[in-house]
Amino acid sequence: MLDNFFKPESVAVIGASREAGKVGYELFKNLLEHKFPGPVYPVNPKADEILGLKAYKSVTEIPGKVDLAAIVVPAKFTPSVIQECGKMNVNSVIIISAGFKESGSAGTKLEQEIAQYTQKMNIRVLGPNCLGLIDTHGNLNASFAQGMPSKGEIAFFSQSGALGTAVLDWAIDRNIGLSKFISLGNKMDICESDLIEALANDPKTSVILGYIEGVKDGRRFIDIASDVTKKKPVVIMKSGSTAAGAKAASSHTGTLAGSDNAFQAAFKQCGVIRAQSIAELFNFALTMAYQPLPKGNRLAIITNAGGPGIIAADACEKSSLTMAGFQRKTTEKLRNSLPPTAAIYNPVDVIGDAKSDRYISALEAVEGDENTDAVLVLMSPQAMTEPIKTAQGIIDRFKGSQKPVLTSLLGGASLKEGIELLEKNKIPNFSDIGQAITSLDAAFKQYSWENTPVQQEQNKIEIDEGKVKEILKRAEHMSENTLTGKDAMAVLSEYGFLVPEMGFAETGRDAIKLANQIGYP
């Protein structure tokens, strides 16, 4: 459905610029610099060539077929450019330009005009007011972002372009690989549901992440997400959860944020995992992309210090995870391999003077325990600590294991090489113990959701639509913006909600009569 956005054979940049620093220049340069394999056509009526390639006055002059067009012209010229794309059978367009519904009523009218054209000509549109898109596996960088993330298996879409650039920069700095990055902008056409559906079928994507300010079609979102989350984790950060945030979202991308309680309930109903921050969004993603999902909620903790172990146990207790109770053979192994002062029950405390051999002995014991579903390794730096050897021991022990392992090496310079070794081998490390626990908790919830039988469709409710319409028309006729309690109850009742029996009393005697009819208490 969106193949020409992610797998185009050719790209045109309409509004490509010769001036460095302009959006049209940076987007065109990104396509060339990151070695997009197909032809790239710059369109600029005032240029003969851009970055060494022949420039065209219009998309209608391009001799070859164009699969994807990126439009970077002022908003007022966009309708005519769209019409030209339609004439040339360009059916996939990214509108980078701003100045549409996010800018007020005139922009809204312009966006509606463009939507009419594109629907008539069967053109799919990403944007407007967006950053563009990136497909790392296809060497496609049709965005004006700075830099290109490495190839990975995490897809990220964002309704905020600025937040998208920040996330890209962070991913590049942390060397976190992405499969795809998509900036949604105003969602005139392509929305979060379209992307979730497309990414579900992408073999290069194992985890789908998104930042949204609202949902375009709630029913469709629930239907698609309910299906996709049974196959892949979908983690969403939804902003606009307060009155102030909802107001800001409306002025940002023209989005109606909606009730946060409704989103919370909808996410729960369709298996979407909600992240409360960008850090949490990627913590969840790294855990589920790099480690197997825990097949149970029993957590084993190994530490070389009592304080971090207690913090981890507290965080575990507050989550849906539980502290694993070891088998007797496990505690015997720990007793035989650790010093007498060590704690051999969960959390396992290998004591502050532990070198790598002590950690490895504890790891072998708890990873092999049938009562353990996941392992968290904590380390605080001491003079005798061996972070690199311990990290290698963790890597070796969990290579091919069906149990996830996360680490929280708490420190700075002395642990840096050990952390880098772990992350290079796809074992996520967390500077905050609580974040490690919440990430494992999210992974367990995903496993539970995937293995929960699909609920059969409920019976349809027979609704007396005539009665409901009559109630609404009466309220409209009386210029009422809200329904009275009695009428509201009647509508809810028609839609299958259980409501208290009620009546309206004008006198005390009427009230007594009604109460006797309804029954007590």
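Colleague: What makes Lys 180 count as a charge over the ring of Phe 6?

Modeller: In this predicted model, the charged end of Lys 180 sits over the ring of Phe 6 at 5.4 Å from its centre, and since the rule asks for NZ of Lys to be within 6 Å of the ring centre and within 35 degrees of the ring normal, the pair is listed as a charge over a ring. Lys 54 is placed in a similar way over the face of Tyr 56, at 5.2 Å from the ring centre.

Colleague: Tyr 56 brings me to the rings themselves; how many aromatic pairs are there?

Modeller: The count comes to 6 aromatic pairs.

Colleague: Why is the pair of Tyr 41 and Tyr 56 called edge-to-face?

Modeller: The centres of Tyr 41 and Tyr 56 are 6.0 Å apart and their planes make an angle of 75 degrees; because centres within 6.5 Å make a pair and planes over 60 degrees apart make it edge-to-face, the name follows from these two values.

Colleague: And what makes this pair a link between distant parts of the chain?

Modeller: Tyr 41 belongs to strand β2, residues 40–43, whereas Tyr 56 is in the loop between β4 and β5, and the two are 15 residues apart. Both Tyr 41 and Tyr 56 are buried.

Colleague: Why is the pair of Phe 221 and Phe 267 given the name tilted?

Modeller: The ring centres of Phe 221 and Phe 267 lie 6.0 Å apart with planes at 45 degrees, and as that angle is neither under 30 degrees, which would be stacked, nor over 60, which would be edge-to-face, the pair is tilted. Here, too, distant parts of the chain are linked, for Phe 221 is in helix α7 and Phe 267 in helix α9, 46 residues apart. Phe 221 has 4% relative accessibility and Phe 267 has 2%; because buried means under 20%, Phe 221 counts as buried, and so does Phe 267. Elsewhere, ring pairs join Phe 156, Trp 170, Phe 181 and Phe 282 into a cluster.

Colleague: Which residues have the most contacts inside the largest nonpolar core?

Modeller: They are Leu 31, Ile 94, Leu 126 and Phe 157, in a core of 47 residues. The largest share of this core, 5 residues, comes from α7. Leaving aside residues up to four places away in sequence, Leu 31 touches Val 11, Val 13, Phe 36, Val 40, Leu 140, Asn 141 and Ala 142. Another core, of 30 residues, lies apart from it and includes Val 167, Phe 284, Leu 286 and Ala 442. In soluble globular proteins, nonpolar side chains tend to be buried together.

Colleague: How do you know that Cys 85 makes no disulfide?

Modeller: The closest cysteine sulfur, in Cys 130, is 14 Å from the sulfur of Cys 85, and because a disulfide needs two such atoms within 2.5 Å, the distance is too far for a bond. The search of the whole structure finds 0 disulfides. Cys 85, at 0% relative accessibility, is buried, as is Cys 316, with a relative accessible area of 1%.

Colleague: What makes Asp 189 and Arg 124 a salt bridge?

Modeller: Their closest N and O atoms are 2.8 Å apart, and because the rule allows such atoms to be within 4 Å, the pair qualifies as a salt bridge. Asp 189 lies in the loop between β11 and α6 and Arg 124 in strand β7, 65 residues apart, which links distant parts of the chain.

Colleague: Why do these two partners, Asp 189 and Arg 124, fall into separate accessibility classes?

Modeller: With the limit for buried at under 20%, Asp 189 at 19% is buried, whereas Arg 124 at 21% is partly exposed. Both belong to a network of salt bridges that also takes in Asp 194, Glu 197 and Arg 220.

Colleague: How far apart in helix α12 are Glu 332 and Arg 335?

Modeller: They are 3 residues apart, which means a separation of about one helical turn, and their closest N and O atoms, at 2.7 Å, form a salt bridge. Glu 332, at 35%, is partly exposed, and so is Arg 335, at 41%. In total, the search finds 23 salt bridges.

Notes: Residues are numbered from 1 along each chain as its sequence is written. This is a predicted model: local features need pLDDT of at least 70, side-chain atom pairs count only at pLDDT 80 or more; totals for chains, interfaces and linings use all residues. Side-chain values use heavy atoms; hydrogens and water are left out. Buried means under 20% relative accessible area, exposed over 50%, partly exposed in between (1.4 Å probe, protein chains only). Helices (H or I, at least four residues) and strands (E, at least two) are DSSP runs, numbered from the N terminus. A nonpolar core is a set of buried Ala, Val, Leu, Ile, Met, Phe, Trp, Tyr and Cys residues joined through side-chain atoms within 4.5 Å. Contact means heavy atoms within 4.5 Å. A salt bridge is a side-chain nitrogen of Lys or Arg within 4 Å of a carboxyl oxygen of Asp or Glu.
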